[in-house]
Amino acid sequence: MSNHEVSHDYPQPFLGLTPRAVEAPHAHVLPKAVYFGVLGALLFLTVVTVATAQLDLGVFNLPLAMLIAGTKATLVASIFMHLYWDHKFNLLLFVSSLLFLSIFVVLSMLDTEGRGMVDHQRENFLPRDEVVEKAPDGVMHPGQPFGATAWDANHEAFEAKHPEGHDGGHAAPAGGHAAPAAAHH
Amino acid sequence: MSPTEGKFPLAQHFSDPEQQLDSNKLGMWLFLVTEILLFGGLFCAYIIFRSLHPVAFHECHKLLDWKLGGINTVVLLISSLTAALAIRAAQVNDKAGIKLNIIITILCAVTFMVIKLVFEWPAKFDHGYLPGYNFMGHVANPDQAHIFFGLYFLMTGLHGIHVVIGIILFSWLLIKTYKGQFHSGWWQPLELGGLYWHVVDLIWIFLFPLFYLAG
């Protein structure tokens, strides 16, 4: 098999290896109308997203917005990115990344949503949306300790109930800790 | 007419063109999976903080300009179209079409960055809406607002860096197009650049409603 002379309009040798010219495989070409049609659908869905955000659907606003975004993403991925006609393995890769991302988010939220339920952090847990006033003008300033939160307000009360170091403080914690603490004796 | 005109450049370590095309595209998709996981981690942070502070996040949404965000969404969608059309133009040997579509893609990307960096962000800085620790805005709940703005600047900023990388990428592809390196026999660099650009667009498709639209 002979190598043709590499001309300026041909990919150059890479790492000293010259590619050889062969017949190109047949490409799958979509009509321009399909591409413009998808853009039209995407623009329409964008308008719908903005419009429905103005309505007050309560708890359904976010799922609806995500549903519309998901539809737009499906159109971009399947047609613009050609996944619909591609080897299914690439689609599997793409979907798997979303699957693993879901596992990541769900397991993290199982933790954060359950904070304070089984441990003595309940006293220190920053209540949702409670504003803790730290500065007279209510504005955080650079240099102000980051995390001026309920911990600052509550930690003195917490330390009074749970003295530093577990050697002397067995009696203090909530019931669930008494048994394992006693077992350490 | 050059003997390599319209031919596929088969690299020495591949046995046939299909294998080369498939391998390159698989490699690109693997990279795109890492991009999804990168932004996915940040989306996870957003989801958790939003569920912890729904009221504060709702109030902070209103401080963002959804019209500019909406224009940026439209701009990126158009650039996605032209990136795909550039690939199609190469497939049918429309050299002028490749150039035109790549140029429009780059112009849309630049427009996106200009709207973000010239119109959006300075307006936020003027109001004192700064990321995290530096937040100085006068809002009802600064302790939670700084989380929102920390996430906003980080996620849209990282996305903006990806847009700039896309501009550099497509400029490189434009140079190769002017050298005549893309035709019906070989257009895969355009395809891979397009895939990257579409993922950048996909991320914005989710960033826009989550940050700009208060449900």
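Me: What does pLDDT do over residues 1–6 of chain A, and how many contacts does the model have for them beyond four places in sequence?

Reply: pLDDT is the predictor's confidence in each residue, from 0 to 100. Where pLDDT is low, the predicted coordinates should not be read in detail. Over residues 1–6 of chain A it stays under 50, and the model has nine contacts for them beyond four places in sequence. Two residues are in contact if their C-beta atoms, placed from the backbone, lie within 7 Å. Residues 130–138 of chain A also stay under 50, with 13 contacts beyond four places in sequence.

One bit of housekeeping. This is a predicted model, where local features need pLDDT of at least 70, side-chain atom pairs count only at pLDDT 80 or more, and totals for chains, interfaces and linings use all residues. Residues are numbered from 1 along each chain as its sequence is written, while chains are lettered from A and ligands numbered from 1 in the order in which they are written.

Me: Where in chain A is confidence lowest, and where is it highest?

Reply: You can go element by element. Helices (H or I, at least four residues) and strands (E, at least two) are DSSP runs, numbered from the N terminus. In chain A, helix α5 (residues 178–183) has the lowest confidence, a mean of 39, and α1(A) the highest, at 96. Chain A averages 73, with 55% of its residues at 70 or more. For chain B the mean is 93, and 98% of residues reach 70 or more. The model's scores are ipTM 0.93 and pTM 0.81.

Me: What pattern of helices and strands does chain B follow?

Reply: Just walk along the sequence. Chain B reads β-α-α-α-α-α-α, which gives six helices and one strand. Chain A reads β-α-α-α-α-α, with five helices and one strand. Along its principal axes, the C-alpha trace of chain B spans about 70 × 30 × 25 Å.

Me: How much of each chain counts as buried?

Reply: The idea is to count neighbours: a residue is buried if 20 or more other C-beta atoms lie within 10 Å of its own, exposed if 12 or fewer, and partly exposed in between, with C-beta atoms placed from the backbone. Of the 215 residues of chain B, 46% are buried; of the 185 in chain A, 11% are. A:A53, which sits in helix α1 (residues 32–54) of chain A, counts as buried because 21 other C-beta atoms lie within 10 Å. In chain B, helix α3 (residues 66–91) has 19 of its 26 residues buried, so the rest of the structure largely encloses it.

Me: Why does the length of helix α5 of chain B agree with its number of residues?

Reply: The expected span of a helix is 1.5 Å times one less than its number of residues. Helix α5 of chain B (residues 142–178) has 37 residues, so it should span 54 Å; its end C-alpha atoms lie 52 Å apart, which agrees. For the 26 residues of α3(B), the expected span is 38 Å, and the ends are 38 Å apart. Look just past both helices too: B:G180, just after α5(B), has a positive phi of about 80 degrees, and B:N93, following α3(B), has a positive phi near 60 degrees.

Me: At what angle do α1 and α6 of chain B cross?

Reply: Axes are lines fitted to C-alpha atoms, for helices over the stretch in contact, and angles run from 0 to 180 degrees between N-to-C directions. Angles under 35 degrees count as roughly parallel, over 145 as roughly antiparallel, 65 to 115 as roughly perpendicular and the rest as oblique. Helix α1 (residues 17–52) and helix α6 (residues 188–212) of chain B come within 10 Å and cross at roughly 15 degrees. That makes α1(B) roughly parallel to α6(B). Residues that meet there include B:L21, B:M28 and B:F39 in α1(B), and B:L192, B:V199 and B:I203 in α6(B).

Me: How many residues does each chain give to the contact between chains?

Reply: Chain A gives 57 residues and chain B gives 67. On the side of chain A that touches chain B, the largest share, 10 residues, comes from α3(A). For a helix pair across the chains, take α2(A) and α6(B): their axes are 9 Å apart, at an angle of about 170 degrees. They are therefore roughly antiparallel to each other. Among the residues making this contact are A:A69, A:V76 and A:F80 of α2(A), and B:L202, B:I205 and B:F206 of α6(B).
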